[in-house]
Amino acid sequence: MRLPSKVGWYLLVSVCMLQCGQAEDAEAPRLGPNIVFIMGDDVGWNEFGYNGEVSYTPHIDALKKQSLSLTQFYVHAVCAPSRAAFLTGKYPFRTWSDWRSEDFGKPSYLEMLGLSLATNVQGEESRMVTGLPTEETTIAEALSDLGYRTGIMGKWHCGEWFPEHLPMGQGFDTQYGHYAWGIDYTNFTIPHNAPARFAVYDWHRDQKPIAEEGYSTDLIANEVVQSLSTHQRDFGDQPFFYYVPFNAIHGPLESIPRYTDSLDTRYAALKCFDDAVGNIVGSLDQYGFAENTLVVITNDNGGLRPNMNAPYRGTKNTNYEGGVRSPCLVRWPSKIAENVESNALMHITDFFDTFVALAGGTLQGESDRDGMDMSATLLAGKDSPRERIIFEVAGSVRPPAIRRGRYKLIGEELFDIATDPYEQSDIAVDHPEIVRQLVQELETASAERPPMPDVSRVMDPALPWVYGQEENAQAPAWLKDHMRTIRSTQPQKWAPGTTPWPQAPKDGKIIYTGDGR
């Protein structure tokens, strides 16, 4: 939904002055920088080469030398919550995005909510359909109302069925890529549609299915480069916001187009991701956008296995540092210091407020907005205004977790991140007052969780040809033929008690096998 419908809690001053006629002779609102926000997927802390002993990311390493590196930047434990937090500037529990859309088709997750699988009108066991609530204002909507051209190129993962949950229903002028959690990089299918155990097509441009050949990491980068090459011609000096959330290096990892002669599939995929980042950043330079473009590169959550996140403890789907502390580089030539590290505490929600501020807008009034304007921290090296981060509250997939200052509570475990960043020593028994304070803060936040969203709408059919309800209703013959071929190669039966997807974590811990699909 567009911002003017929400005036009262959200005011964009530079736009309102002109629209409301309060300053007819005022200067035109300041045009903010172009913004390119690049997000990796399931990349571990030390898999960004500059954090590891061996580097497969020379382009990202070179970008670090041109950027401010945030060493205490936090996301969430899995991909959809991080994406929703970025898009809304709110902790995921406020939008029920701490539960991924696919979780509502997985019995082990539904059991945690006291729910069971739904059936559609055809009597098929199917997924309850959820997505990022359409009444939420996204960063795309905010920047669009500040005069930006907005585009998403990559993975959405905030709803894959109803039009209002898809990117162009959430403020993006253009869309390219896929909607759901983890695409096959070359045949463009999601391996399963839990509880259905066969693949669904998921490759779209402007919310219509397209047939392409290539490797999704390369195709996403090429789409960004193509948009950059024609932006001046088509849109003149209009600033742009490109959200570029790659599916790399999330599973399935099978057909990697290069580097497999010397690297295993994961690191070949990582090197391809690095190529894509280099392609995008190089094109900003080539087409003359670099000086007035803010580039951010980060990741959505930790890697699948502990060794990928060393020296930090934990993995994806946990709230230990290895699951939620992410590398983050911010480049804006001549505006942000280069080749500098900052220990300022920052959370992914903060980019909402920061981007709006840099674009010339002002936010005010909404009590449950969690982001903070970090402009002064990024541009002038000021101390971070952030003192706490809430990772989970009661009713989430994982135990409640919070960091305030140096202390971090995960379930019943307390850690002093200042002296024990690798979370080796639980000090809860030694600091009962701190535990009580943090528990109280979590209980207060938990009480702010809204009621469960309406889950009465069920995906019908349970196994669509393609994601997007309207797209599936008009699925072309080529797409159906493609899907019949793909499904014929998949396992036709599964042993009792086994599924093609990982089960829900228990007590905030999980062990991934395979490539995490």
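Strand β12, which spans residues 293–299, is mostly covered, since seven of its seven residues are buried. The model in which this strand appears is a predicted one. In a regular strand the side chains alternate between the two faces of the sheet. Here Thr293, Val295, Ile297 and Asn299 point one way from β12, while Leu294, Val296 and Thr298 point the other way, and all of these residues are buried.

The neighbours of β12 come next. Strand β1, residues 34–40, runs parallel to β12 and is joined to it by seven bridges; within this pairing, Gly40 has Asn299 of β12 as its bridge partner. Strand β13, residues 328–331, pairs with β12 in the antiparallel sense, over three bridges, and in β13 it is Val330 that stands opposite Val296.

Val296 deserves a further look. This residue is found in strand β12 and has a relative accessibility of 0%, so it counts as buried, the cut-off being under 20%. Although Val296 and Phe37 are 259 residues apart in sequence, their C-alpha atoms are 4.9 Å apart in space. A contrasting case is offered by Tyr148, which is found in the loop between α5 (139–144) and β5 and is buried, with a relative accessible area of 1%. Tyr148 and Gln424 are 276 residues apart along the chain, and their C-alpha atoms are separated by 46 Å.

Phe37 also leads to the aromatic residues, for it belongs to one aromatic cluster together with Phe73, Phe86, Trp156, Phe172, Phe241, Tyr243, Phe351 and Phe355. A search of the whole structure finds 28 aromatic pairs. A pair of aromatic rings is described by the distance of the centres and the angle of the planes. Trp156 and Phe172 form an edge-to-face pair, with 6.0 Å from centre to centre and 85° between the planes. This pair links distant parts of the chain, with Trp156 and Phe172 both placed in the loop between β5 (149–155) and β6 (174–178), 16 residues apart. Trp156 is buried, and Phe172 is buried as well.

Another edge-to-face pair is made by Tyr201 and Trp478, whose rings are 5.6 Å apart from centre to centre, with 85° between the planes. Because Tyr201 lies in strand β8 (residues 200–201) and Trp478 in helix α14 (residues 477–488), the pair ties together parts that are 277 residues apart in sequence. How buried or exposed are the two partners, Tyr201 and Trp478? Tyr201 is buried, with a relative accessible area of 2%, whereas Trp478, at 34% relative accessibility, counts as partly exposed.

Aromatic rings also take part in arrangements with charged side chains. Arg313 lies over the face of Tyr320, at 4.0 Å from the ring centre, and Arg449 lies over the face of Trp96, at 4.3 Å from the ring centre.

The remaining step is to turn from the atoms to the space between them. Rolling a probe the size of a water molecule over the atoms shows where empty space is left. The largest pocket has a volume of about 470 Å³, and of the 30 residues that line this pocket, the closest to its centre are Thr95, Gly131, Leu132, Pro133 and Pro453. By class, the lining of the largest pocket comprises 13 nonpolar, nine polar and eight charged residues.

The second largest pocket holds about 330 Å³ of space. Its lining is made up of 19 residues, and those that lie nearest its centre are Thr499, Trp501, Pro502, Gln503 and Thr513. Sorted by class, the lining of the second largest pocket has eight nonpolar, seven polar and four charged residues.

Enclosed spaces complete the picture. How many cavities of 30 Å³ or more are there? The count comes to two, and the second largest cavity has a volume of about 50 Å³. This second largest cavity is lined by His76, Ala77, Pro81, Pro92, Phe93, Asp98, Phe391, Glu392, Val393 and Arg398, a lining that by class has six nonpolar, one polar and three charged residues.

How values were computed
Residues numbered from 1 in each chain as written. Predicted model: local features only at pLDDT ≥ 70, side-chain atom pairs only at ≥ 80, totals over all residues. Heavy atoms only, no water. 1 Å grid on protein atoms, 1.4 Å probe; cavity = no way out; pocket = protein on both sides within 12 Å on 5 of 7 lines; lining within 4 Å. Points joined across faces, edges and corners; volume = space filled by probe spheres on them. Nonpolar A, V, L, I, M, F, W, Y, C, P; charged D, E, K, R; others polar. Phe/Tyr/Trp six-rings, centres within 6.5 Å; stacked < 30°, edge-to-face > 60°. Helix = DSSP H or I, 4+ residues; strand = E, 2+ residues; numbered from the N terminus. Buried < 20%, exposed > 50% of the residue type's maximum accessible area, 1.4 Å probe, protein only. Lys NZ or Arg CZ within 6 Å of the ring centre and 35° of its normal. Pairing = 2+ DSSP bridges.
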